[in-house]
Amino acid sequence: MIEELRAQARSLGFDLLGVAPPVPPLEAVRAYRAWLAAGYHGEMAYMARPDRVAGREDPALLLPRVRAIVCVAVNYYPGDAPPSPENAGPVGRISRYAWGADYHDWMRPRLEALAGFIRERTGGTARHRAYTDTGPLLERALAAQAGLGFIGKNTCLIHPRFGSWLFLGEILVDVDLPFTGPPAPSRCGTCTRCLDACPTGALVAPYVLDARRCISYLTVEYRGDIPSDLQPRLRNWVYGCDVCQEVCPWGRFAHPTAVADFLPTSPDRTAPPLADLLALDEAAFQRRFGGSPIARIGVERLKRNARAVLTDR
Ligand code: B12
């Protein structure tokens with residue numbers, strides 16, 4: 001059964017599939033609670049909403065009588081940014097996950113197709129709910145439980161062959177499926193490159209990220225003015241940040257994605273000149289970034305980020 005599911009997942013474009021038990025490990029729940037208690041979620045109020053907390057701890061609240069969680073991952077690694085033209089002036093950096101199309105749009109129909117396949121193979125009555133990113137699930141912990149990789153000190157799910165350049169998705173089902181695994185223990189050893197390299201010191205301890213300091217949070221999620229003490233440390237990131245993944249030794253095994261949708265359509269998408277970003281109006285922003293994850297933050301926040309990057313020059 002699992003091999004059949006894996007073959008189907010591969011034909012849909014996923015690189016990895018495993019099946020986790022329908023409850024997250026206690027260790028992950030404890031880590032999540034401690035993270036909230038420390039206030040590390042910052043202004044991401046949805047992370048602390050009681051119903052969302054409950055769903056993360058007990059997926060049966062999301063799908064009654066859930067019996068298994070099918071976890072999938074797709075390699076999005078698009079390689080390195082092509083060099084910018086010499087006359088481009090200062091450029092902003094965009095994290096690799098946003099170089100191509102929005103992965104939520106890629107994932108959703110494929111998760112539904114896979115769920116249809118599972119239903120067909122298990123008697124035709126299975127109910128399901130599919131999630132990627134936005135659902136109240138501890139996605140990394142579940143993926144690790146299913147044997148898709150290990151949790152690294154940078155808090156990412158890392159696969160020995162793909163590194164951490166993976167998008168995750170899950171399908172909750174109310175039929176029995178054989179669990180895969182076992183969960184792999186961390187393979188970070190004594191390495192602390194991600195903690196040492198984080199420009200803002202957001203990795204406050206191994207496996208613990210204070211989102212309030214994370215460049216990804218500040219440039220994507222945070223609505224206010226980027227704190228002035230952190231502005232000089234943005235290192236040109238205007239959308240997301242890849243530093244804790246770029247320095248990870250497991251990344252050396254990464255190879256380019258087979259999904260054309262995740263590749264950049266032009267250098268503008270990887271390293272746009274800051275002057276161009278500052279000149280964008282709503283229509284130009286939509287033309288340039290529509291359909292990409294960047295569209296979600298809107299033109300004003302992208303310009304705020306470009307201004308913040310320019311502050312310390
Ligand atoms: C909120 C959020 C963020 C926040 C906070 C991130 C964070 N580390 O908490 C911000 C905006 C900063 C962010 C940034 C990014 N994100 Co994000 N994010 C999420 C989201 C919605 C929730 C994460 C969460 O629950 N955080 C709370 C903490 C406590 O949980 P956690 O990060 O899952 O960590 C678990 C493990 O670390 C483990 N754990 C904790 N301590 C310990 C100790 C030991 C010893 C062990 C073994 C395990 C362990 O337990 C934790 C709880 O289960 C998930 C989607 C989802 N629903 O899960 C995507 C998700 C985690 N993000 C993702 C991505 C791609 C990113 C970025 C790479 C994007 C970018 N380039 O800018 C960065 C990476 C930054 C980083 N180092 O985490 C992917 C991660 C894929 C992967 N391979 O891990 C996810 C899964 C989305 C998806 N469906 O693909 N993100």
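Which backbone N or O atom lies 2.8 Å from a nitrogen atom of the ligand?

1. That atom belongs to Asn-154. The model is predicted: local features need pLDDT of at least 70, side-chain atom pairs count only at pLDDT 80 or more, and totals for chains, interfaces and linings use all residues. Residues are numbered from 1 along each chain as its sequence is written, and side-chain values use heavy atoms, with hydrogens and water left out.

2. Two further backbone approaches to ligand nitrogen atoms involve Cys-241, at 3.0 Å, and a polar backbone atom of Gly-135, at 3.4 Å. Helix 2 (26-37) contributes five residues to the shell around the ligand, the most of any element (helices are DSSP runs of H or I, at least four residues, numbered from the N terminus).

3. Thirty-eight residues surround the ligand, and Arg-140, Asn-154, Leu-157, Leu-168 and Ser-216 come nearest (a residue counts as near if one of its heavy atoms lies within 4 Å).

4. The ligand lies between domain 1 (2-80 + 101-173) and domain 2 (193-310), because both give residues to its shell. The domain bounds come from an automatic or database domain assignment.

5. Between the domains, 34 residues of domain 1 are in contact with 36 residues of domain 2 (heavy atoms within 4.5 Å). The area buried there is about 2,900 Å², with 64% from carbon and sulfur atoms (accessible area, 1.4 Å probe, lost by two parts on being put together and summed over both). In domain 1, Tyr-40, Lys-153 and Trp-165 lose the most area to domain 2, together 22% of what that side buries.

Notes: Polar contact = N/O pair within 3.5 Å; in protein donor to acceptor, adjacent residues only side chain to side chain. Helix = DSSP H or I, 4+ residues; strand = E, 2+ residues; numbered from the N terminus.
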